[in-house]
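Colleague: Please take a close look at the aromatic pair and the nonpolar core around it. I would like one connected account.

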Amino acid sequence: MTFSFKVLQSVLAALAVAGTSVCATSVGAQQPMDHGKMDHGKMAATKADQANDITEGVVRKVNTEAGKLTIQHGDIRHLGMPAMTMAFPVKTPGLLDNVQTGDKIKFKVIKENGRLVITELQRVK
């Protein structure tokens with residue numbers, strides 16, 4: 001079986017495009033999600049679940065002016081939310097005082113008045 005140079009070149013070009021598509025969807029390329037469009041009503045949780053569930057993540061941005069924290073987080077099991085990167089408002093602005101971009105954290109998030117809010121936050125060493 002013989003291949004011409006043009007056929008081989010076409011195959012290699014197709015593989016390069018496919019590889020680029022895979023790389024663009026890697027965890028490192030995650031973009032913050034506009035969670036305002038999510039239907040939080042489908043995320044069932046009891047107050048007891050919310051009070052006890054802790055999620056781990058990495059701080060991607062601290063926005064003290066808006067009172068928000070962008071976090072690349074793992075699954076938020078008690079809300080049925082998969083791992084992603086998104087911005088959360090904090091319940092009290094003081095929660096933002098001791099975190100910075102790149103910090104590993106553990107946090108608690110609850111659904112309050114139809115939106116997700118961070119109620120507790122601690123840095124992980």
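**The aromatic pair and the core**

Modeller: I begin with a loop residue, Pro82, which has contacts with His73, Gly74 and Asp75 once neighbours within four places in sequence are left aside. Pro82 sits in the loop between S2 and S3. Its relative accessibility is 46%, so Pro82 counts as partly exposed, the limits for that class being 20% and 50%.

Now the pair itself. This is a predicted model, and it holds one aromatic pair. The ring centres of Phe88 and Phe107 lie 5.7 Å apart with the planes at 55 degrees, so the pair is classed as tilted. Phe88 belongs to strand S3 (residues 84–89) and Phe107 to strand S4 (residues 104–112); the two are 19 residues apart, and the pair links distant parts of the chain. Both phenylalanines, Phe88 and Phe107, are buried.

The two also appear in the largest nonpolar core, which has 19 residues. Phe88 and Phe107 are among those with the most contacts inside this core, together with Leu69, Ile105, Ile118 and Leu121. At least two core residues come from each of strand S2 (68–73), S3, S4 and strand S5 (115–123).

Ile105 can be followed further. Beyond four places in sequence, the contacts of Ile105 include Leu69 and Leu121, and also Thr55, Glu56, Gly57, Val59, Ile71, Val99, Gln122, Arg123 and Val124.

On confidence, the protein chain has a mean pLDDT of 78, with 58% of its residues at 70 or more. Over residues 20–27 pLDDT stays under 50, and the model has three contacts for them beyond four places in sequence.

Key: Residues are numbered from 1 along each chain as its sequence is written. This is a predicted model: local features need pLDDT of at least 70, side-chain atom pairs count only at pLDDT 80 or more; totals for chains, interfaces and linings use all residues. Side-chain values use heavy atoms; hydrogens and water are left out. pLDDT is the predictor's confidence in each residue, from 0 to 100. Contact means heavy atoms within 4.5 Å. Rings of Phe, Tyr and Trp (its six-membered ring) pair if their centres lie within 6.5 Å; planes under 30 degrees apart count as stacked, over 60 as edge-to-face and the rest as tilted. Helices (H or I, at least four residues) and strands (E, at least two) are DSSP runs, numbered from the N terminus. Buried means under 20% relative accessible area, exposed over 50%, partly exposed in between (1.4 Å probe, protein chains only). A nonpolar core is a set of buried Ala, Val, Leu, Ile, Met, Phe, Trp, Tyr and Cys residues joined through side-chain atoms within 4.5 Å.
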